[in-house]
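Subject: Model handover

Hello,

Please find the structure below, followed by notes on what was found in it.

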Amino acid sequence: MSRPGAIPGLHHVTAISGPPQGNLDFWVGTLGQRLVKRTVNFDEPGTYHLYYGNAAAAPGSIMTFFPFVDAGPGRAGAGMASAVAYAVADLDAWMGDLAEAAVDFDGPFERFGDRAIALKDPDGLRVELIEGGARDGGCHSVTLWLDETEATARVLEAMGYVREGGDTPATGGTGGSETRLRYRSSAPERGSAVDLMTSDARSIGRPGAGTIHHVAFRARSAEEQQGWRAHLSEIGLEVTPVIDRQYFDAIYFRTPGGVLFEIATDPPGFAVDEDPDRLGQALKLPAQHEAQRARIERVLPEIRVPA
Ligand code: ZN
């Protein structure tokens, strides 16, 4: 079977956080993302699953968190996605606003010719703001920290990504000497870049609060997703069956470099169970958990969305 075109870019990135209020205060209050869905971890409905995105809740702008109240601190290392980057229009304005809000950041530094800064969310997750690209509050790229890049590069190439460049300035925050290869979708839309980073820094990653759990790429339709499932299985990856995630259908596979990838469909999207103008305001539960709503609402911590 031939390759079904090219993956256009990221769909979402999912991470683990500590208590939800600090997470909301940072991602909405500091970064200005919109809370686009307030639901629960479908496998563990006593825990929230919070989705942030741009105003339109568009694929390629979505960051999601499982805020485990007692998650121990994690640490990024080789075999994990170590940073998510957003595209911003005016980095000077961002630096001014962050300084005014007394939020620490590193930089500005240059990456592949663009100016960028890096900050940390309350659990230590590295967030980068890169000037240029799609300027609608969407993702710019993710960084995958790897022991070696070759095997993961082959997977990206199988997904329609092409190598765009290589760079050596250490801008990944590992504290060591880094190399960075950039791959970009050959049919690029929002969040079209994936950086493969190696570092000589000590790199024993530990999953937990502040670490990225998986990186999800886009399929425009269920048919396209089926095409990717067949193609990726054919090149030897172990791909899960399709899993219904309410707002998209998902397939998952572990890349040889250790990072968990997902391919998620654009449909049905976040307006499937609430008014697009009111996304994120009410707790939404999938049908299988609706009967338990009263009990679930009792155990979930109260949260307040910053203005
Ligand atoms: Zn996901």
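To begin with one pair of strands, β2 and β3 run antiparallel and are joined by seven bridges (two strands pair if DSSP finds at least two bridges between them; strands are DSSP runs of E with at least two residues, helices are runs of H or I with at least four residues, and both are numbered from the N terminus). The connection from β2 to β3 is a hairpin through two residues. K37 has Y51 in β3 as its bridge partner.

Before going further, the basis: this is a predicted model, in which local features need pLDDT of at least 70 and side-chain atom pairs count only at pLDDT 80 or more, while totals for chains, interfaces and linings use all residues. Residues are numbered from 1 along each chain as its sequence is written, and side-chain values use heavy atoms, with hydrogens and water left out.

On its other pairing, β3 (residues 44–53) meets β4 (residues 62–67) in the antiparallel sense over three bridges. Y51 has T64 in β4 as bridge partner, and L50 has F65 in β4. Of the ten residues of β3, eight are buried, which leaves the strand mostly covered (buried means under 20% relative accessible area, exposed over 50%, partly exposed in between, with a 1.4 Å probe and protein chains only).

These strands belong to an open sheet of eight, with mixed pairing and the order β2-β3-β4-β1-β13-β16-β15-β14. The edges are β2 (34–41) and β14 (243–244); each has a single partner strand, so one side of each has no neighbour in the sheet.

Two helices lie across this sheet. Helix α1 (residues 20–30) lies across β1, β2, β3 and β4 and runs at about 10° to β3. Helix α4 (residues 222–234) lies across β13 (212–219), β15 (248–254) and β16, at about 160° to β16. Axes here are lines fitted to C-alpha atoms, for helices over the stretch in contact, and angles run from 0 to 180 degrees between N-to-C directions; contact means heavy atoms within 4.5 Å.

Next, the metal site. The zinc ion has as protein donors H12 (NE2), H214 (NE2) and E262 (OE), at 1.9 to 2.0 Å. Donors are N, O and S atoms within 2.8 Å of the metal (3.2 Å for Na, K and Ca); water is not among the atoms, so sites may look incomplete. The spacing of the donor residues in sequence is H-x201-H-x47-E. H12 in β1 (residues 10–17) and E262 in β16 (residues 260–268) are 250 residues apart, so this pair links distant parts of the chain. H12 counts as buried because its relative accessibility is 2%, and E262 is buried at 0%.

A further set of strands is β10, β11 and β12. β11 (residues 178–185) pairs antiparallel with β10 (residues 161–167) over six bridges, and with β12 (residues 193–199), also antiparallel, over seven. G166 has L181 in β11 as its bridge partner, while Y183 has V194 in β12. Six of the eight residues of β11 are buried.

For the chain as a whole, there are six helices and 16 strands. Buried residues make up 56% of the 307 residues. Of the contacts with a separation of 6 or more, 67% are between residues 24 or more positions apart. The C-alpha atoms fill a box of roughly 55 × 50 × 35 Å along the principal axes.

Regards
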